[in-house]
Amino acid sequence: MVQALIKEILLRKNELKGDLVETIYFGGGTPSVLEVGEIDQIINAVYTNYQVIQNPEVTLEANPDDLSKNRIIKLSKSRINRLSIGVQSFFDEDLKLMNRAHNTLEAEQSIKDASQYFKNISIDLIYGIPGMTNSRWQQNIEKALSFNIPHISSYALTVEPKTALAHFIEKGVIQNVDDEVAQLHFHILCDTLTGAGYTCYEISNFGKPGYFSKNNTAYWQQKNYLGIGPSAHSYDGERRGWNVRSNPKYLRAIAKSELPMEVEVLSKTDRYNEYVMTGLRTIWGVSMENIKISFGEVYEKHIKEQAKKYIESNLLYLDGDTLLATRKGKFLVDGIASDLFMVNLS
């Protein structure tokens, strides 16, 4: 698989059209199972085939149980300069419910050890877990803050079909996810983290000054990116592509120097809708002037008319010509954005 990833990097060396690589991100699964030497091989292939800025952000997603102190030390000697640790919760009952392999002690120890060797660390936390009280959620956040890490990503629990959690909910063993509880947890999260000096620069991402994820920011600002490996997605401003999910199919295609990718060409309406969806989730918002220039007056008129009711209900507001979500509107922003979408125009 590592050799196939390296070969795909080579096969796609001309796709970025001379753009500089600003971030390299190992994610989308459990990349921390790779040996440090294998990670270095992949990073070296990026440097060999693309133009990379002097100090790129190089992130590795890792589970706490994969981060022994010895492994952290080895990673610190590689080009990895940012760790994203999938903590999820500091309570064992939550971790068991979500079928996580690590426990609370491993989560805490991994952060302590990582902090000795990495300055740029992010952790993931999940809210809206069945049975999670407001008090326990507050304790989760306070525990995260006690480590003085510069970035926290936090998401509402989603129940995927055919999982153990979905089965337990169907059988009534565990109560279902409650959207009202999740919304309250989200507001507790925002108030606590902003009070501690973090900026909610995107609905699910909170960073201290200078520590916004460059990788995440690129997605929300619709910069070009290449996704390498099975299931990986790519975007070049006009087209979106995604690799086949199957590992065997991916390996067979790459062995024949073929790219196992489907590509969708985005219409003007698709690009407008994506801009609205991503922009409203961020502190940069949606610029009316940008919509007028990039998409035309019909789109500008449409979004202004559609946004009126949300501005009147204090879910959106205008700061100059920029449309943003209010504190009240942030948790609902995906639904709001969908109502601002344009349909049936090319």
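Let's start with I43, which sits in helix α2, covering residues 36–49. Helices here are DSSP runs of H or I with at least four residues, strands are runs of E with at least two, and both are numbered from the N terminus. Keep in mind that this is a predicted model, where local features need pLDDT of at least 70 and side-chain atom pairs count only at pLDDT 80 or more, while totals for chains, interfaces and linings use all residues. Residues are numbered from 1 along each chain as its sequence is written, and side-chain values use heavy atoms, with hydrogens and water left out.

Is I43 buried or exposed? I43 counts as buried because its relative accessibility is 0%. The cut-offs are these: buried means under 20% relative accessible area, exposed means over 50%, and partly exposed is in between, using a 1.4 Å probe and protein chains only. Now for the company I43 keeps. If you skip the neighbours within four places in sequence, I43 is in contact (heavy atoms within 4.5 Å) with I24, F26, V58, R79 and I80. L145 is another story: 102 residues along the chain from I43, its C-alpha atom is 32 Å from that of I43.

I80 turns up again in the largest nonpolar core. A nonpolar core is a set of buried Ala, Val, Leu, Ile, Met, Phe, Trp, Tyr and Cys residues joined through side-chain atoms within 4.5 Å. This one has 83 residues, and I80 and I123 touch the most other members. Leaving out residues up to four places away in sequence, I123 touches I85, V87, F90, I111, A144, I149, H151, I152 and S153.

Next, the cysteines. How many disulfides does a search of the whole structure find? The search comes up with 0, where a disulfide is a pair of cysteine sulfur atoms within 2.5 Å. For C190, the closest cysteine sulfur is in C200, and there is no bond because 4.7 Å is too far. C190 is buried at 7% relative accessibility, and C200 is buried at 7% too.

Now look at the second largest pocket, which holds about 150 Å³ of space. On a 1 Å grid over the protein atoms alone, a pocket is an open set of points where a 1.4 Å probe fits, with protein on both sides within 12 Å along at least five of seven lines; lining residues have an atom within 4 Å of a point. Grid points are joined across faces, edges and corners, and the volume is the space filled by probe spheres set on the points. Of its 15 lining residues, R12, E15, S234, D236 and R239 are the closest to the centre. Strands β8 (233–235), β9 (239–243) and β10 (261–265) each supply at least two lining residues, and β9 gives the most, with 3.

Two loop residues deserve a look as well. N99, in the loop between α4 (92–97) and α5 (104–117), has a positive phi near 60° without being a glycine. N99 is exposed, at 64% relative accessible area. S257 also has a positive phi, about 60°, and is not a glycine. S257 lies between α10 (247–255) and β10, and is partly exposed at 43%.

Finally, find D334 in helix α15, residues 333–340. D334 is partly exposed, at 45% relative accessible area. Its C-alpha atom is 9.9 Å from that of I203, although 131 residues separate the two along the chain.
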